[in-house]
Structures are given as C-alpha cells and as structure tokens.
4 protein chains.
Amino acid sequence: MAAGDGTWREYDAVELPRVLQGALEAFAEQGYHGASIRELAARAGLSVPGLYHHHASKQDILRALLDAVLTDLLRRCTDALASTGDHPAERFDALVECLLRFHMFRTEHAFVATSELRSLTPANREHVVGLRDALQHLLDDVVEEGAADGTFTTPYPKAASRGVATLCLGVASWYRPDGPLSPDELVRRHLTLARGIVNGRD
Amino acid sequence: MAAGDGTWREYDAVELPRVLQGALEAFAEQGYHGASIRELAARAGLSVPGLYHHHASKQDILRALLDAVLTDLLRRCTDALASTGDHPAERFDALVECLLRFHMFRTEHAFVATSELRSLTPANREHVVGLRDALQHLLDDVVEEGAADGTFTTPYPKAASRGVATLCLGVASWYRPDGPLSPDELVRRHLTLARGIVNGRD
Amino acid sequence: MAAGDGTWREYDAVELPRVLQGALEAFAEQGYHGASIRELAARAGLSVPGLYHHHASKQDILRALLDAVLTDLLRRCTDALASTGDHPAERFDALVECLLRFHMFRTEHAFVATSELRSLTPANREHVVGLRDALQHLLDDVVEEGAADGTFTTPYPKAASRGVATLCLGVASWYRPDGPLSPDELVRRHLTLARGIVNGRD
Amino acid sequence: MAAGDGTWREYDAVELPRVLQGALEAFAEQGYHGASIRELAARAGLSVPGLYHHHASKQDILRALLDAVLTDLLRRCTDALASTGDHPAERFDALVECLLRFHMFRTEHAFVATSELRSLTPANREHVVGLRDALQHLLDDVVEEGAADGTFTTPYPKAASRGVATLCLGVASWYRPDGPLSPDELVRRHLTLARGIVNGRD
DNA sequence: GATGAATGAGTTTTCATTCAT
DNA sequence: CATGAATGAAAACTCATTCAT
C-alpha cells in the first residue's frame with residue numbers, strides 16, 4: 001500500500017474474512033461468552049468442525065478478530081499521516097478525521113474492540129493492548145508537537161490528547177448512518193470540537 | 001435529599017447491596033454471560049438458592065444493578081444542578097464536574113452500564129435507556145441554554161453536548177486512582193477541555 | 001354411619017380437607033413429581049411451613065390422600081351392600097351402581113389413585129394396595145356367589161369380576177358431567193353392560 | 001405391509017429405538033416428571049448430550065414415544081381388520097383380539113400412553129389424542145354395524161363399544177405373563193366377556 | 001472442508017425441606 | 001399458623017471441543 005494514497009478514507013461493505021465478520025456481529029450483539037461456537041459457525045456458513053479447521057479455538061477467533069480490527073485502524077492512521085504535510089495542524093486534522101471516519105463506519109468493530117478486551121487471554125490481551133497504545137501514541141505525538149511549537153494553546157497536552165481520542169471513539173456509541181447530518185458534515189463539526197479541546201486555556 | 005446539600009460529591013466505599021456489588025464486579029471482569037450465578041452467589045456470600053431468594057433471575061440482577069447505577073448518577077446530577085446558581089456557565093461546570101467525578105470514582109459502574117446494555121431484555125433495556133436519555137437531556141439543556149444566550153460560542157450545541165458527555169464518560173476508561181494527578185486536578189483540567197468543546201468556533 | 005342409610009349415593013362438592021383437595025387437583029393435572037410443595041401450599045391457601053404443620057412430607061400428603069380416597073370408596077361400597085337384600089343379583093346391582101357413581105363423580109380421585117400408586121413408598125403402597133384389593137374382593141365374592149347359585153351364567157367368574165371392575169373404573173376416563181345422558185341413565189345402561197359380562201356364555 | 005399378513009399377532013422382545021424403550025420403562029416406573037434426563041440417558045446407554053443429539057428435549061422424547069406406541073397399535077388394528085372377513089362378528093372378534101393382545105404384551109406402553117397424556121404440550125397432546133380417537137372409531141364402527149344388522153343385541157351400541165374398549169385396555173392393569181392362564185386362553189375368555197357386553201339386553 | 005455422533009463440565013433454575021421469629 | 005431467609009441436591013439443558021468418516 002503506497003503512502004498517502006488516500007485509501008484510508010474508503011470503507012467497503014466487507015473487509016473481514018467470513019468467519020471474523022460473523023464473529024464480529026455475534027460478539028457485538030451478545031458478547032464473547034454469550035455467542036456460541038455453533039452460532040459463529042452458522043454465521044460463517046460453515047459447519048462446526050469446518051470452523052475449527054480455520055481457528056484452533058473460540059479464543060483464537062477473538063484474538064484474530066481484534067488483531068485484524070486494530071491493525072486495520074493503525075494502517076489507516078499511518079496512511080493518513082503519510083498523506084498530508086508536516087505541520088502539526090495538518091497532521092492533527094488528518095489523524096482526527098481518520099479516527100472519526102473509522103468510528104463512524106466501523107461502530108461494531110470499535111465496540112467489540114473495547115468491550116471484549118477483557119475476554120482475551122492475558123497473552124493475547126497484551127498484544128492487542130500494544131496495538132491500541134501505539135494508536136494513542138500517534139495522537140499524543142502530534143498534540144505534544146503542536147503544543148510545543150505553539151500551534152495548540154492547551155496547557156495540558158496529555159489530557160487533551162486523551163480527550164480527543166475519547167471524543168473520536170465516542171462517536172461509535174451514537175452514530176447512525178441514517179442520521180440527519182452527512183458523514184462529511186459530522187467530521188467537519190467534530191473536527192471543530194477536537195480543535196476546541198487542544199486550544200482551550202485555563 | 002435536600003437540594004444543594006453537596007452529597008453528590010461524596011463517594012463512600014460501598015453503596016450497593018451486597019448482591020449487586022458482587023454482580024457489578026463480576027460483570028465488569030467477565031461480562032454478563034461470562035459470570036455464572038454460582039460466582040455471583042459466592043461474591044455475595046450467599047448460597048445459590050439464597051441468591052434466588054432475593055432476585056428472580058440473573059437477568060433481574062442485571063436490571064436491578066443498572067437501575068441502581070443510573071438512578072444514583074441521575075440523582076447526583078440533579079443535586080449538582082440544584083446546588084448551584086442559575087447561570088449556564090455555573091450549571092455547566094457543576095454538571096460536568098458531577099459527571100467527571102462519577103466516572104472517576106465509579107469506573108466499573110460506568111463500564112458495565114454501557115457494555116451490558118445489550119444483555120438486557122428489550123423491556124428492561126427500554127427502562128434503562130430512558131434513564132440514560134434523561135441524563136443526556138440534562139446536559140443538552142444546559143448547553144443549548146448557554147449557546148442561546150451567548151455564554152458558549154460553539155456553532156453546534158447538540159454535537160458539543162454529546163462531545164462533552166463522551167469526554168466525561170471516557171474518563172472511566174483510563175482513570176486510575178494511583179495516577180500522578182489528584183482527582184481535583186483532573187477535574188479542573190477536564191473542565192478546561194470541556195469548556196473548549198462548547199467554546200470552539202468553525 | 002348407620003348401615004344402609006343410602007349416603008353412599010350422595011356426592012357433595014367438597015369432602016376432603018383443603019390440603020388434600022388441592023393436592024388431588026395438582027397431582028391429577030401434573031402428577032406427583034410435577035407438582036411442587038409450593039404449589040400444594042398455594043392451592044391449600046397455606047404458607048409452605050404451614051403446610052408442613054399438617055403433613056410431615058410431600059409423600060405423607062400423597063399417602064393421606066390415597067388413603068382418604070380409597071377409604072371413602074370402600075365405605076360407600078360396604079354401605080351399598082348393607083342397604084340391599086341378600087340375593088346376589090341385588091347385591092351385584094348395588095355394588096356396580098356404587099362403583100359407577102364413584103367413578104363418575106370422583107374422576108380425579110380415581111385417576112390419581114391408580115396413576116400415582118407408583119409414587120408411594122413401598123410401605124405406603126402396601127397399605128393402599130390392601131384397600132384396593134379389599135374392594136376387588138367385595139365384587140369377587142358377589143360374582144362368585146352368583147355364579148355358584150346359578151344367578152350368573154358366566155363360565156369365568158374371576159375374569160368376569162375383574163372385567164366388571166374394569167368397566168366401572170373405566171367410566172372415570174371418559175365421563176363428563178355435561179354429556180348428553182343423565183348420570184342415572186348412564187348408570188342404568190352400564191348396569192346392563194355389566195350384567196352382560198357376568199351372563200355371557202362360551 | 002401386506003393386508004392380512006398376520007404380523008399384528010407378533011410381539012418381539014424389542015421394537016422401539018433404544019432411547020424410547022428406556023424412556024418407556026422409566027416413565028412407567030416413575031412418571032414423566034419423576035424420570036430425569038440423566039436416567040433416560042443411562043437407560044439408553046448414552047451420555048446426556050448424546051441423548052440431546054437425538055431428541056431436542058425431554059418433551060420431544062415423550063411425544064416420540066407416545067406417537068410410536070399409538071401408531072404401532074393403530075397399524076396392528078387395521079391389519080387385524082384387513083386379515084378377516086366382512087361379517088361384523090368376525091371383525092369384532094379380530095379387533096377385540098388385537099386390542100387384548102396389545103394390552104397383554106405391551107402393558108407398559110398402554111399405561112404410559114394414558115397416564116402421561118397430561119404431560120404432553122397442548123400441541124403434542126392434540127396429535128396423540130387424535131390417534132387414540134381414530135382407534136376408538138374403528139371399534140365404534142364395527143359395533144354400530146353389528147348392532148344395525150342385528151348381529152349384536154345391545155340397545156346401547158355407543159356405550160357398549162366404549163365398554164369393550166375399557167375392558168380391553170383394563171387388561172393392561174392386571175395381566176402378568178406368569179399368571180396361571182395362557183395368553184390364548186385369556187384372549188378366549190375375554191372375548192366371551194366382550195361378546196357379553198355387545199349382546200346384553202335391558 | 002461437511003456430516004453426524006459423542007462427551008465432561010458447565011450452565012440457569014427449582015426442588016423439598018428447615019428454622020428463627 | 002404466617003413470614004422470610006436459607007440450603008444441599010438435583011433438575012433440564014448447553015457449552016466448547018473432538019473424532020471417525
């Protein structure tokens with residue numbers, strides 16, 4: 001994938017393998033423990049042993065799913081940063097837009113990625129949390145850079161960065177594709193809110 | 001409860017009945033479907049039939065828990081509003097502080113109240129979602145009022161209100177009591193961020 | 001109860017203590033194992049410990065019920081025999097009429113008395129089966145007597161006696177109080193059928 | 001199955017699938033509610049989930065059992081009628097013999113089929129009662145035909161038909177294979193009793 | 001990869017029964 | 001007698017997983 005090619009804005013209908021896509025929906029609706037292997041198999045259009053042909057266990061399906069989700073988001077974020085200029089304001093806007101779009105068009109991914117972290121084995125959780133932390137660091141770096149060179153006025157860059165992330169993730173909890181505002185308009189407005197966070201003063 | 005008595009700032013160690021307190025911890029760690037009735041009973045210090053003496057079903061425990069959590073939060077918020085002056089800025093600050101404190105000192109409550117909404121029966125969910133909506137309306141009203149009289153400059157009061165709520169709820173996902181900053185300092189800083197959201201400009 | 005006083009034809013609405021009456025209905029509808037102590041208590045208008053005040057156990061309720069049912073039937077049959085003349089034909093008619101009426105007006109009693117024999121403790125079953133055998137003996141004696149003196153022509157008095165009993169008990173399995181024929185007419189017709197059984201020839 | 005092939009007189013040791021055979025014995029001894037799924041599984045030589053692989057629920061086992069029992073009896077009865085001549089006396093004898101043999105060699109089937117009707121779901125009960133009614137109709141038709149053409153003298157064909165059925169079913173409640181009389185002799189004698197029922201006079 | 005059969009360990013829930021008040 | 005709280009044992013049923021074909 002070439003840097004800056006802009007594919008980080010594209011969200012096609014299906015991007016996950018059938019097994020993971022079905023698992024995603026099942027986990028979103030009923031949670032990891034509430035979804036049975038039989039249901040995952042049915043949603044994937046496979047038999048139960050067929051499902052075990054692809055994954056060694058139910059836990060492995062969750063691990064593969066969260067890994068795919070976070071890897072995709074991370075890839076989009078680095079692409080977004082690579083597709084823009086050097087100035088902190090530009091980089092901030094690109095990153096925030098990327099996060100907003102993902103949490104608008106992948107609400108289930110986002111919900112499962114946070115609500116089912118606890119259902120991962122410690123070893124698996126460690127890996128996934130690492131990906132999530134890497135994401136947060138991308139934003140932290142941009143905000144700190146901007147705060148350092150005076151682009152952003154906030155006296156609390158760390159808290160602001162976390163607040164911006166929270167704002168973006170929170171979109172997933174209320175966004176509906178049939179809402180009154182277009183995605184582009186929503187992105188624009190929330191970019192304004194995000195800029196407000198990094199430009200507050202005591 | 002007298003208006004403005006300030007109890008909305010107090011967070012004692014235990015406020016829930018033993019059964020619900022145990023259920024809260026279990027649901028937070030393992031999710032509704034991942035926590036067994038046996039475990040809920042053990043955490044409550046009861047035998048399994050003893051637990052059924054108090055609640056008709058596992059679902060009833062979840063319903064009672066979410067009801068207690070949201071009713072408590074709602075009570076604190078109305079108390080907070082009753083304890084301050086009439087100006088939108090004051091009311092905004094009181095409400096945001098109340099939400100921040102709750103999501104700092106009751107992180108598990110907050111997590112379970114959102115992650116296990118899906119595990120409620122439709123009828124039960126309707127009731128709990130009603131409480132949640134009432135909360136959001138409290139904030140919406142204050143922000144709209146302040147936007148109308150020029151206290152806040154945001155051109156998007158509805159989005160800003162939702163953004164502030166998201167910011168406050170999001171605190172629950174990262175706050176740790178042993179962090180470097182005191183709760184009061186954290187409240188102060190995030191109040192700044194929240195004011196930034198309602199005071200942004202296009 | 002004076003001999004021959006004719007009370008064996010009378011069937012009032014309630015004759016059993018409240019506990020046993022409720023148990024009778026519950027056992028008829030759901031069987032001994034299908035009816036819970038809580039349901040028996042509710043039907044009796046008692047609390048659960050209140051029910052245990054009257055009976056030591058669920059098994060004891062079944063025992064008391066079957067004892068009451070069979071004792072009542074046995075009393076009615078001996079009354080019927082005491083209220084008529086000496087001739088085998090008269091005695092046969094009285095006994096058959098008595099059995100028919102009981103199985104018409106006490107269908108639930110009859111059903112439970114046979115279907116729940118198996119649910120009795122061996123010791124209790126022995127007692128109740130003794131009562132049932134005593135009943136069959138009353139009929140056996142009358143039929144044998146009539147066969148011996150030529151009143152009945154059947155070559156198989158034992159089989160015939162059992163067949164008559166079966167005919168009478170079977171009434172309980174289809175009789176409905178709102179059927180087209182009056183109880184008296186049904187008694188008359190089945191008396192005719194019973195006489196046919198003891199008057200058959202090879 | 002060819003008409004009149006006489007297989008309706010044959011009773012081999014086992015005719016039911018293992019699961020239903022075990023369920024039959026358990027239900028006969030302890031009733032539907034008194035027999036546990038664990039016991040049904042043990043009697044079938046299966047584990048509990050193994051049993052659920054074949055039947056969806058305990059209720060489904062009861063339904064399948066009663067269906068198999070009544071279908072078998074109905075098949076035997078129609079075979080018996082097909083294997084004899086046209087005269088009502090012949091047809092009556094064949095049907096009564098068939099009913100007698102079934103209730104002698106399949107006492108448990110007969111007992112469970114009547115005592116556990118109440119344990120069926122309404123929908124399932126409707127189906128099974130339909131089969132039972134079809135059986136009674138076979139006998140009703142033969143008796144009415146014989147009463148119409150003067151073969152039988154009874155003035156109450158409907159009551160007589162029901163009485164004959166009761167007599168045959170009742171055999172199941174006392175027949176023991178180790179009794180003093182051979183099955184053939186018992187059939188002969190009870191055929192005599194049955195003929196007495198349809199040939200009584202007022 | 002599908003099918004069908006199987007299972008140990010677990011699930012939620014109910015049972016009969018007891019006891020203090 | 002009622003109330004309320006409690007419990008060991010067992011109920012019906014489902015789970016994730018395996019294996020032979």
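Which side chain is joined to C:Ser161 by a polar contact of 3.3 Å? The partner is the side chain of C:Gln136. A polar contact is a pair of N or O atoms within 3.5 Å; within protein, one must be able to donate a hydrogen and the other to accept it, and residues adjacent in sequence count only if both atoms are side-chain atoms.

## Basis of the model

This is a predicted model: local features need pLDDT of at least 70, side-chain atom pairs count only at pLDDT 80 or more, and totals for chains, interfaces and linings use all residues. Residues are numbered from 1 along each chain as its sequence is written, chains are lettered from A and ligands numbered from 1 in the order in which they are written, and side-chain values use heavy atoms, leaving out hydrogens and water.

## Around C:Ser161

C:Ser161 sits in helix H8 (residues 157–170) of chain C. Helices (H or I, at least four residues) are DSSP runs, numbered from the N terminus. C:Ser161 counts as buried because its relative accessibility is 1%; buried means under 20% relative accessible area (1.4 Å probe, protein chains only).

Leaving aside residues up to four places away in sequence, C:Ser161 touches C:Gln136, C:Leu139, C:Asp140 and C:Val143. Contact here means heavy atoms within 4.5 Å.

## Chains C and D

A turn of 180° and a shift of 0.1 Å along the axis lay chain D on chain C with an RMSD of 0.1 Å. That is the relation of a two-fold axis. The same surface serves both copies: 100% of the contact residues of chain D recur in chain C. Copies are superposed by least squares on the C-alpha atoms of residues with pLDDT of at least 70 in both. D:Gly196 is the residue of chain D that comes closest to the rotation axis, at 2.2 Å (C-alpha).

Each chain puts residues into the contact: 31 from chain D and 31 from chain C. Together they bury about 2600 Å², 64% of it on carbon and sulfur atoms. D:Arg118, D:Tyr156 and D:Leu193 supply 25% of the area that chain D buries against chain C, more than any other three residues. Buried area is the accessible area (1.4 Å probe) that two parts lose on being put together, summed over both.

## Chains A and B

Here 32 residues of chain B are in contact with 31 residues of chain A. The two chains bury about 2600 Å² between them, with 64% on carbon and sulfur atoms. In chain B, B:Arg118, B:Tyr156 and B:Leu193 lose the most area to chain A, together 25% of what that side buries.

Chain A does not touch chain C; their nearest C-alpha atoms are 31 Å apart. Chain A and chain D do not touch either, with nearest C-alpha atoms 14 Å apart.

## DNA strand F

30 residues surround DNA strand F, and the closest are A:Tyr52, B:Ser47, B:Pro49, B:His53 and D:Lys58. A residue is near a strand if one of its heavy atoms lies within 4 Å of it. Sugar and phosphate make up 60% of the strand F atoms within 4 Å of the protein.

Phosphate oxygens of DNA strand F lie 2.9 Å from a polar side-chain atom of A:Lys58 and 2.7 Å from an N or O atom in the side chain of B:His53.

## DNA strand E

Of the 32 residues around DNA strand E, B:Tyr52, C:Tyr52, D:Ser47, D:Pro49 and D:His53 come nearest. A phosphate oxygen of DNA strand E is 2.6 Å from an N or O atom in the side chain of D:His53. Another pairing uses backbone: a polar backbone atom of C:Ile37 is 2.8 Å from a phosphate oxygen of DNA strand E.

Note on methods. Helices (H or I, at least four residues) and strands (E, at least two) are DSSP runs, numbered from the N terminus. Buried means under 20% relative accessible area, exposed over 50%, partly exposed in between (1.4 Å probe, protein chains only).
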